[in-house]
Amino acid sequence: MHLRADLMDFPVPAVWKVYRSGHNWTNNQERYQAVRSLCRWIKFGTCITMRLKDGTVPISKRASSATFDKKQLKATGYIEDIKASGVIVTSFVGEDLAKLGLRLGSSFEADVNSCKLQGVVFDEYPYVRAERGRWLAILEPEQGRVVLGILDCVSKHSPADLAGRARKGDAVIFFSNDKKPRRLLTDKIRKMEQLCSGGHEQKKNKSKSGEEQTNVPTVVPPPPLFGTKASLKSDVGST
């Protein structure tokens, strides 16, 4: 195979990938890095030395700013942005959903601008947990914020319009769908549960004198593999 002379000077292309599930699910830093490198590639031709590169930039997660109500098991936030497609970007983060006991596939109720959204499903790409035309909540790759949208929305109205004409700054409330009362999982409770699950439970009994005594479970060592020293000596003597 012979290449034409005018194609010999064409720079070798490079493939840089973003390893994150989703369609065009990239953050600003990843897009900036790609455009900057493309401009250098056009200007200098062979400046890209890495033909294959992982262009994934980790998400810079931010702290939670939501207000929680332990009695009603709900959290209050606000709308930070409305995308051109009408998708609602909230101030909630993934940690807020975890505190409400919501996991991937969980269904919950949301209140956006006093408009009730029933059956919102916490999902991720390729969105197999939510049904078409239903509300879903996903985490965006910029700061890990919770985004509300409609799966395969074909309506002439955008999700923001269907949510009571939601606008930036409107209040958003997430409710847990658990009928049973559940504790909000704080960091302190998580640490205590990890310590309790990783060690033995200690029971306190009161002695006759009234003092509390802690009963620590006794650990019985396993039997030796080749017998005791005395048995070994007798075995050696018998041979």
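**Reasoning through salt bridges and strands**

Mentor: Let's begin with Glu 80, which is buried at a relative accessible area of 15%. Keep in mind that this is a predicted model.

Trainee: What makes Glu 80 buried rather than exposed?

Mentor: Buried means under 20% relative accessible area. Glu 80 has 15%, so Glu 80 is buried.

Trainee: And why is Arg 62 called partly exposed?

Mentor: Partly exposed covers the range between buried, under 20%, and exposed, over 50%. Arg 62 has 28% relative accessibility, so Arg 62 is placed in that middle class.

Trainee: How do you know that Arg 62 and Glu 80 form a salt bridge?

Mentor: The cut-off is 4 Å between a side-chain nitrogen of Lys or Arg and a carboxyl oxygen of Asp or Glu. Here the closest N and O atoms are 2.5 Å apart, so the pair qualifies. Arg 62 sits in the loop between β2 (52-54) and β3 (67-69), while Glu 80 belongs to strand β4 (residues 74-82). The two residues are 18 apart, and their pair links distant parts of the chain.

Trainee: What makes Glu 95 and Lys 99 a salt bridge as well?

Mentor: Their N to O distance is 3.7 Å, which is within 4 Å, so they count too. Both are in helix α2 (residues 94-99), four residues apart, which means about one helical turn separates them.

Trainee: Which of these two is buried, and which is partly exposed?

Mentor: Lys 99 is at 17%, under 20%, so Lys 99 is buried. Glu 95 reaches 32%, between the two cut-offs, so Glu 95 is partly exposed.

Trainee: What is the distance in the salt bridge of Lys 116 and Asp 111?

Mentor: It is 3.2 Å from N to O, again within 4 Å, so the name fits. Asp 111, at 11%, is buried, whereas Lys 116, at 46%, is partly exposed.

Trainee: Which residues are joined into one network by salt bridges that share partners?

Mentor: Arg 62, Glu 80, Glu 140 and Arg 145 are. The structure holds 10 salt bridges.

Trainee: Let's turn to strands. How do you know that β8 and β9 pair?

Mentor: Two strands pair if at least two bridges are found between them. Strand β9 (residues 145-150) has five bridges with β8 in the antiparallel sense, so the requirement is met. Leu 139 stands opposite Val 146 in β9. Five residues lie between the strands of this hairpin, where Gly 144 takes a positive phi near 75 degrees.

Trainee: What about strand β7 and β8: how many bridges do they have?

Mentor: Strand β7 (residues 115-122) pairs with β8 over two bridges in the parallel sense. At least two are needed, so this pair also qualifies. One partnership is Val 121 with Leu 136 in β8.

Trainee: What makes strand β8 mostly covered?

Mentor: Four of the five residues in β8 (residues 135-139) are buried. In the chain, buried residues make up 30% of the 239 residues.

Trainee: Where is the pLDDT below 50, and how many contacts go with it?

Mentor: One such stretch is residues 199-204, which has 11 contacts beyond near neighbours in sequence. Residues 225-239 also stay under 50, with three contacts beyond four places in sequence. pLDDT expresses the predictor's confidence, so read both stretches with care. The mean for the chain is 76, and 65% of its residues reach 70 or more.

Technical notes. Residues are numbered from 1 along each chain as its sequence is written. This is a predicted model: local features need pLDDT of at least 70, side-chain atom pairs count only at pLDDT 80 or more; totals for chains, interfaces and linings use all residues. Side-chain values use heavy atoms; hydrogens and water are left out. pLDDT is the predictor's confidence in each residue, from 0 to 100. Contact means heavy atoms within 4.5 Å. Buried means under 20% relative accessible area, exposed over 50%, partly exposed in between (1.4 Å probe, protein chains only).
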